Amino acid sequence: VASFPFPSSQCTNGHLMCAGCFIHLLADARLKEEQATCPNCRCEISKSLCCRNLAVEKAVSELPSECGFCMRQFPRSLLERHQKEECQDRVTQCRYKRIGCPWQGPYHELTGHEAECTHPTKTGNELMEILDEMDQTHKKEMQLYNSIFSLLSFEKIGYTEVQFRPYRTDDFITRLYYETPRFTVLNQTWVLKARVNDSERNPNLSCKRTLSFQLILKSKISSPMECSFLLLKGPYDDVKINPVIYHFIFTSENNETEYVPLPIIDSVECNKLLAAKNINLRLFIFQIQK
């Protein structure tokens, strides 16, 4: 109970579930095409049927909770400040990190390390080699954002909110997939499809959850249409997506992209999407003019 994550949810019979377990139960039910049930009493659970128990949350916030660094116990309301600012065992980094020192360790060892750190005494040539490696990493990150800014200068840009709805295949053992209704962008008709864990047989048995998607052009075109596209979170969702730009040349014979990863940061975020009734995202398409 001391590590009970917030917010909590309770079923209609009062059994409590932490936020992570609640979302995981809803996602598993979606994958197995079952009604999600409370693990204690087996009554039906959903976002509309369950509610938070604020009295329990308040009581739990006053219970002692263990610091993940020093293992001492503090009231839960004070734990975050302790771990960020006060704990002598909290993980910290050398102040010379900006010139390449990779050291990280407990805060109480920081002063001793910095007194002996060799990075301030390295030669200019040695530091230049370290900084070049750091620049390459930073350059890759900046290339993505510069690419997005370049796309925003294109003449033909379209975007729309898309809603993936869950469906089942007609196989003997059905598999979950998602598809959007047809939508129009750049005066063309499109559809998006998505699948879980690349359509593996039993994704509900895996703790690792991923989504991949493909963009399909439904309109008939007389000449190739070269596009860049990306998916981002919708305006009212909190799912964490790292933007990735994909590129494809649509033709009358080849109107479907390969399945490409939806760049969700981890399986927890993927479970948030699976637990929802529909998946709402925002699609951008940039047409490249010759």
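**Exercise 1.** In this predicted model, decide whether Arg81 counts as buried or exposed.

*Solution.* Start with the location: Arg81 is part of helix H3, residues 76–86. Next, take its relative accessibility, 54%. The cut-off for exposed is over 50%. Arg81 therefore counts as exposed. To place Arg81 against another residue, take Asp135: the two are 54 residues apart in sequence, and their C-alpha atoms are 33 Å apart in space.

**Exercise 2.** Compare the span of helix H1 with the span expected at 1.5 Å a residue.

*Solution.* H1 covers residues 19–32, which makes 14 residues. From first C-alpha to last, the helix reaches 20 Å. The expected value is 20 Å, and the span of H1 is close to it. Just after the helix comes Glu33, with a positive phi of about 55°.

**Exercise 3.** Find which residues of H1 are buried and what they pack against.

*Solution.* Buried means under 20% relative accessible area. In H1 this holds for Phe22, Ile23, Leu26, Ala27, Asp28, Ala29 and Leu31. Then look at their surroundings. The buried residues pack against strands S1 (9–10), S2 (16–17), S7 (156–168), S8 (176–179) and S10 (188–196), and against helix H6 (267–275).

**Exercise 4.** Describe how H1 and H6 cross and which residues meet there.

*Solution.* First, the axes: they come within 8 Å and cross at roughly 60°. Second, the class of the angle: H1 and H6 are therefore oblique to each other. Third, the hand: H1 passes H6 in a left-handed crossing. Fourth, the residues: Ile23, His24, Leu26, Ala27, Arg30 and Leu31 of H1 meet Asn271, Lys272, Leu274 and Ala275 of H6. Sorted by type, the residues of this contact are six nonpolar, two polar and two charged.

**Exercise 5.** Arg42 has a positive phi, and so has Asn197. State where each residue lies and whether it is buried or exposed.

*Solution.* Begin with the general rule: most residues other than glycine have a negative phi. Now take Arg42. Its phi is near 65°, although the residue is not a glycine. Arg42 sits in the loop between H1 and helix H2 (54–61). With a relative accessible area of 58%, Arg42 is exposed. Then take Asn197, another residue that is not a glycine, with a phi of about 45°. Asn197 belongs to the loop between S10 and strand S11 (211–217). At 9% relative accessibility, Asn197 counts as buried.

Technical notes:
Residues are numbered from 1 along each chain as its sequence is written. This is a predicted model: local features need pLDDT of at least 70, side-chain atom pairs count only at pLDDT 80 or more; totals for chains, interfaces and linings use all residues. Side-chain values use heavy atoms; hydrogens and water are left out. Helices (H or I, at least four residues) and strands (E, at least two) are DSSP runs, numbered from the N terminus. The expected span of a helix is 1.5 Å times one less than its number of residues. Buried means under 20% relative accessible area, exposed over 50%, partly exposed in between (1.4 Å probe, protein chains only). Contact means heavy atoms within 4.5 Å. Axes are lines fitted to C-alpha atoms, for helices over the stretch in contact, and angles run from 0 to 180 degrees between N-to-C directions. Angles under 35 degrees count as roughly parallel, over 145 as roughly antiparallel, 65 to 115 as roughly perpendicular and the rest as oblique. A crossing is left-handed if the near helix is turned anticlockwise from the far one by less than a right angle, and right-handed if clockwise. Ala, Val, Leu, Ile, Met, Phe, Trp, Tyr, Cys and Pro count as nonpolar, Asp, Glu, Lys and Arg as charged, and the others, Gly among them, as polar.
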